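Welcome, and please have a look at the sequence and the structure shown here. A short tour of selected sites follows.

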Amino acid sequence: LTEGAPGQARPSAVRLSLRQPQGETALLFGAGLPGAPELAAALAGRTVFALSTPGLRRLHGDLIARLLAPAGRLVELEAPDGEAAKSLEIAGPLWRRMLAAGGKRDSLLVAIGGGSLTDLGGFLAGTFLRGIDLVQAPTTLLAMVDAAIGGKTAIDLPEGKNTVGVFHHPALVLADTDFLSTLPAGELRSGLVEAIKMAAMLGPELLAKIEADLPALLAGDARSLLPVVAGAAAAKCWVVERDPNEKGLRKVLNFGHTLGHAIEGVLGFSGLRHGEAVAYGMLFAMQLQAGRPEADPEFLARLHRLLARLELPPLPLGPGDAAALEAFMARDKKAGEAGLTWVLPTRLGEHQLRQGLPPAEVAAALSRFLADPWAAARV
Ligand SMILES: NC(=O)c1ccc[n+]([C@@H]2O[C@H](COP(=O)([O-])OP(=O)(O)OC[C@H]3O[C@@H](n4cnc5c(N)ncnc54)[C@H](O)[C@@H]3O)[C@@H](O)[C@H]2O)c1
Ligand SMILES: [Zn+2]
């Protein structure tokens with residue numbers, strides 16, 4: 001991590017870089033990033049497609065305008081707020097508008113929004129004229145630590161989430177923490193779960209920082225958020241660099257997501273936010289590990305305590321939903337020939353991947369979990 005020079009971005013800016021198959025991604029985290037030299041270099045003299053949402057323009061129109069000021073020629077594109085952005089019905093007209101506005105291979109797309117918007121923006125940039133340059137400007141905690149980093153892009157089909165997409169890395173990720181001032185508390189907490197996931201799997205120091213600063217983080221305190229955002233993003237970069245195509249190590253990012261995705265699916269993507277469902281998925285993975293010799297009970301208890309402090313909304317599912325969850329997991333697109341791969345925590349900073357867990361064992365654990373997800377005694 002290097003500190004930015006005064007007079008460029010504010011001194012508190014954190015710079016990271018990520019080597020990836022398509023080149024190198026520069027990442028910038030801080031408050032007050034308009035004026036960053038990396039941004040001016042990316043935008044100057046080019047046709048810039050600025051993709052955002054009505055909600056964000058309303059809340060942060062001024063900040064967005066200042067970020068885009070260096071653009072040679074600006075073409076504004078709009079998509080709906082939230083997951084509705086990630087559809088063919090939205091992507092189709094936007095491709096055509098980009099063509100009509102004179103988009104060329106050397107045009108640039110800047111996506112300013114949460115993970116839904118950065119997923120759509122990455123997909124548009126990765127496919128338009130077989131790929132144009134991309135700047136991701138994430139505005140939610142989740143997008144800053146996860147969605148905007150690593151080159152995965154996608155839209156949804158009615159049949160399923162993230163079913164169509166390409167790998168397309170941004171040249172620059174610009175995470176201005178000033179955006180987070182308007183993020184609702186529930187969205188902050190949901191993003192924080194992903195940061196806790198990375199900390200538990202990869203970053204001992206990050207975990208201690210989150211534990212120490214939790215109340216300030218949940219309250220959206222910018223000073224506390226910056227090091228956590230940058231620390232979690234650094235962990236994601238570390239993983240993506242070592243496994244760009246998700247063949248092995250990158251699976252670690254799936255901790256909590258096997259059951260988490262099933263919970264979201266069975267709930268019809270309403271009732272719990274992604275991070276909240278993932279937190280329950282992490283609790284379940286911890287219960288699958290409880291009592292195994294390779295698992296450190298003190299670490300599992302520590303993680304359990306931290307998740308409890310998030311005061312998540314209750315899981316709106318019970319033992320009667322076990323079969324639906326199992327059916328959903330069996331259809332998981334990440335399941336290989338040998339079935340699901342479970343990412344299971346062992347001790348701080350360590351995990352194991354387990355394939356071929358006996359379905360009866362998972363089913364029994366799931367029934368117990370659904371009866372009482374927080375049963376600390378078993379952890
Ligand atoms: N590509 C990846 O590697 C990856 C990784 C994780 C998640 N994702 C995707 O990310 C998406 C979820 O992203 P998300 O959690 O950021 O949700 P989101 O993008 O849907 O945003 C949630 C809501 O917050 C609003 N919002 C955004 N920034 C705001 C701000 N600063 N202040 C106030 N409101 C703001 C949005 O307009 C939206 O209504 C999912 O579609 C998921 O599949 C992708
Ligand atoms: Zn996630």
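## A lysine beside the metal site

Let us begin with Lys197, which sits in helix H6, the stretch covering residues 185-202. This is a predicted model, so every value in this report is computed from the predicted coordinates. Is Lys197 buried or exposed? Its relative accessibility is 1%, so it counts as buried, the limit for that class being under 20%.

What does the side chain of Lys197 reach? It makes a polar contact of 2.8 Å with the side chain of Glu194. Setting aside residues up to four places away in sequence, Lys197 also touches Asp146, Leu253, Phe255, His257 and Met282. Two of these names, Glu194 and His257, come back in the next section.

## The zinc ion

Which residues hold the zinc ion (ligand 2)? Glu194 coordinates through OE, while His257 and His274 each do so through NE2, at 1.9 to 2.1 Å. If you would like to find these donors in the sequence, look for the spacing E-x62-H-x16-H. The two histidines link distant parts of the chain, 17 residues apart: His257 belongs to helix H9 (residues 257-266) and His274 to helix H10 (residues 274-289).

The histidines can also be described by their accessibility. His257 has a relative accessible area of 6% and is buried, whereas His274, at 23%, counts as partly exposed. The limit between these classes lies at 20%.

## Around ligand 1

Now to the other ligand. How many residues surround ligand 1? There are 24, and the closest are Asp81, Glu83, Ser116, Thr140 and Thr182. Sorted by class, the shell has nine charged, nine polar and six nonpolar residues.

Some individual distances are worth picking out on the screen. In the side chain of Lys86, an N or O atom is 2.8 Å from an oxygen atom of ligand 1. Nitrogen atoms of the ligand take part as well: one lies 2.7 Å from a polar side-chain atom of Thr139, and one is 2.9 Å from a polar backbone atom of Phe179. Taken alone, ligand 1 exposes 870 Å², and the protein buries 84% of that. Helix H2 (54-68), helix H4 (115-127), helix H5 (141-147) and strand S9 (160-164) are the elements that give two or more residues to the shell.

## Two residues in helices H7 and H8

Leu214 has its place in helix H7, residues 204-218. With a relative accessible area of 2%, it is buried. Which residues does Leu214 touch, not counting those up to four places away in sequence? They are Leu192, Leu306, Arg309 and Leu310. Leu306 is 92 residues from Leu214 along the chain, yet their C-alpha atoms are separated by 8.8 Å.

Ser224 is part of helix H8, which runs over residues 222-242. Ser224 is buried too, at a relative accessible area of 10%. Its side chain joins that of Asp221 in a polar contact of 2.4 Å. Beyond its neighbours within four places in sequence, Ser224 is in contact with Asp213, Ala216 and Leu217.

## The loop after H4

Phe128 is found in the loop between H4 and strand S7 (133-138). Is Phe128 buried or exposed? Its relative accessible area is 3%, which makes it buried. Leaving out neighbours within four places in sequence, its contacts are Trp95, Met98, Leu99, Gly103 and Lys104. The C-alpha atoms of Phe128 and Ser107 are separated by 10.0 Å, with these positions 21 residues apart along the chain.

Leu129 lies in the loop between H4 and S7. Leu129 is partly exposed, with a relative accessible area of 32%.

## Two positive phi angles

A note on backbone angles rounds off the tour. Most residues other than glycine have a negative phi. Leu129 has a positive phi of about 50° although it is not a glycine.

What is the phi of Phe269? It is positive, at about 55°, and this residue is not a glycine either. Phe269 lies in the loop between H9 and H10, and at 45% relative accessibility it counts as partly exposed.

Notes: Residues numbered from 1 in each chain as written. Chains lettered and ligands numbered in written order. Predicted model: local features only at pLDDT ≥ 70, side-chain atom pairs only at ≥ 80, totals over all residues. Heavy atoms only, no water. Donors = N, O, S within 2.8 Å, 3.2 Å for Na, K, Ca; no water. Helix = DSSP H or I, 4+ residues; strand = E, 2+ residues; numbered from the N terminus. Buried < 20%, exposed > 50% of the residue type's maximum accessible area, 1.4 Å probe, protein only. Near = heavy atom within 4 Å. Polar contact = N/O pair within 3.5 Å; in protein donor to acceptor, adjacent residues only side chain to side chain. Areas by Shrake-Rupley, 256 points an atom, 1.4 Å probe, with all protein chains shown as cover. Nonpolar A, V, L, I, M, F, W, Y, C, P; charged D, E, K, R; others polar. Contact = heavy atoms within 4.5 Å.
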